[in-house]
Amino acid sequence: MRIGFFGGTFNPIHLGHLKAIKKVKEEFPLDKIYIIPSAMPPHKDRIDVPNADERYEMVSLAVKNDSAIKEFVEISDVELKRSGPSYTIDTVLHYKSIMPADYSFYLILGMDAFLEVNTWKSYMDFFDIIPFIVITRPEAGNHKTTDKGSAVEEFLFKKISGQYRYNSKLCGYIHDNKKTIFVFDVSPLDISSTMIRNYVREGKKISSLVPPEVGSFIEKKGLYS
Ligand code: ATP
């Protein structure tokens, strides 16, 4: 069984997240993708982060009403149940400890998030224990995924190890002693949760940015306004 973890604040979940999940599943042989909303995001400004239950509820609504993903996506409340800040390393170690030894795990994240991994708790450990699937985002659009001078490559060489090398067959950076860093261009949608929160605050329509059920939930609960 191959399981991908896709963590984030999901404040709120949006069509960019859903497209990324679908594309990764198309490109990569994963059996399941776990969406893992974080409880107290260590990297985000806490103002403007609604109650974790509401963020979780929006993820559930989005998944439940999307026939293209509901078969293979699970929503994990592991970070919501844990007290204190959400550290991804704890989540990865948790799942590794409770799942069968022959399961393999992958950490899916946008390029913007990947380029900040060096600010995460115990970040060096990730490179030894779990492969990354890095997906493009419009903010990082200047960098071609297979470009030798890409942001990912520069990051790996400078912050992790100079021994990575690009393997075009795998679409990723391989290393003799570390896990592979796969890089996929998922033709991302230029949507962010920040954009949605701003739109709501400014009274603009968000129907092209979130699934309809999420839009109705935001309206009903008066979130972000
Ligand atoms: P915010 O604007 O509040 O920072 P966000 O839109 O970046 O939020 P997160 O919940 O922080 O959303 O993101 C979770 C994961 O999804 C991260 O790895 C992020 O890089 C990725 N991601 C977010 N939006 C997109 C998108 N439009 N396309 C591809 N990946 C995305």
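For the residue classes used in this tour, Ala, Val, Leu, Ile, Met, Phe, Trp, Tyr, Cys and Pro count as nonpolar, Asp, Glu, Lys and Arg as charged, and the others, Gly among them, as polar. The model on display is a predicted one.

**The whole chain**

Begin with the entire protein chain in cartoon view, coloured by secondary structure. Nine helices and eight strands are present. Of the 225 residues, 48% are buried. Switch on the contacts between residues at least 6 apart in sequence: 70% of them join residues at least 24 apart. A surface view then shows the exposed area of the protein chain, about 11,100 Å², of which carbon and sulfur atoms supply 48%.

**The second largest pocket**

Next, select Ile206, Ser207, Gly215, Ile218 and Glu219. Among the 14 residues that line the second largest pocket, these lie nearest its centre. The space in this pocket amounts to about 220 Å³. Extend the selection to helix H9, residues 212-221, which contributes four residues to the lining, the most of any element. Colouring the lining by class gives seven nonpolar, four polar and three charged residues.

**Helix H7**

Move to residues 151-160, which form helix H7, and display the side chains. Which residues of H7 are buried? They are Ala151, Val152, Glu153, Phe155, Leu156 and Ile160. An α-helix has 3.6 residues a turn, so residues three or four places apart point the same way. With the buried residues of H7 still selected, show their surroundings. They pack against two helices, H5 (111-114) and H6 (123-129), and against three strands, S5 (132-135), S7 (172-174) and S8 (181-184).

**Phe105 in strand S4**

Select Phe105, which belongs to strand S4, residues 104-110. Is Phe105 buried or exposed? Its relative accessibility is 6%, so Phe105 counts as buried; the cut-off for that class is under 20%. Leaving aside residues up to four places away in sequence, Phe105 touches Ile3, Phe5, Tyr95, Lys96, Met99, Ile130 and Pro131. A distance label drawn from the C-alpha atom of Phe105 to that of Ile33 should read 9.7 Å, although the two residues are 72 apart along the chain.

**Salt bridges**

The whole structure holds nine salt bridges, and three of them make useful stops. Side chains of opposite charge can pair when their charged atoms come close.

- Select Asp77 and Lys81. Their closest N and O atoms are 3.3 Å apart, forming a salt bridge. Lys81 counts as exposed because its relative accessibility is 66%, whereas Asp77, at 28%, is partly exposed.
- Select Asp90 and Lys121, whose side chains meet in a salt bridge with an N to O distance of 3.2 Å. Asp90 sits in helix H4 (residues 88-98) and Lys121 in the loop between H5 and H6, so this pair ties together parts that are 31 residues apart in sequence. Both ends are partly exposed: Asp90 has a relative accessibility of 25%, and Lys121 has a relative accessible area of 37%.
- Select Asp128 and Lys178. The salt bridge between them has its closest N and O atoms 3.1 Å apart. Why does this pair tie together parts that are 50 residues apart in sequence? The reason is that Asp128 lies in helix H6 and Lys178 in the loop between S7 and S8. Asp128 is partly exposed, with 40% relative accessible area.

**Backbone features**

The last stops concern the backbone, so side chains may be hidden. Select Asn11 and Pro12, which are joined by a cis peptide bond with omega of about 0°. Pro12 is found in the loop between strand S1 (2-8) and helix H1 (15-27).

Go on to Ser122, in the loop between H5 and H6. Here phi is near 50°, a positive value in a residue other than glycine. Ser122 is partly exposed, its relative accessible area being 34%.

Finish at Cys171, in the loop that runs between strand S6 (165-167) and S7. Cys171 is not a glycine, yet its phi is positive, at about 55°. With 26% relative accessibility, Cys171 counts as partly exposed.

Methods: Residues are numbered from 1 along each chain as its sequence is written. This is a predicted model: local features need pLDDT of at least 70, side-chain atom pairs count only at pLDDT 80 or more; totals for chains, interfaces and linings use all residues. Side-chain values use heavy atoms; hydrogens and water are left out. Buried means under 20% relative accessible area, exposed over 50%, partly exposed in between (1.4 Å probe, protein chains only). Contact means heavy atoms within 4.5 Å. Accessible areas come from the Shrake-Rupley method with a 1.4 Å probe; for residues, only the protein chains shown count as cover. On a 1 Å grid over the protein atoms alone, a cavity is a set of points where a 1.4 Å probe fits but cannot get out, and a pocket is an open set with protein on both sides within 12 Å along at least five of seven lines; lining residues have an atom within 4 Å of a point. Grid points are joined across faces, edges and corners, and a volume is the space filled by probe spheres set on the points. A salt bridge is a side-chain nitrogen of Lys or Arg within 4 Å of a carboxyl oxygen of Asp or Glu.
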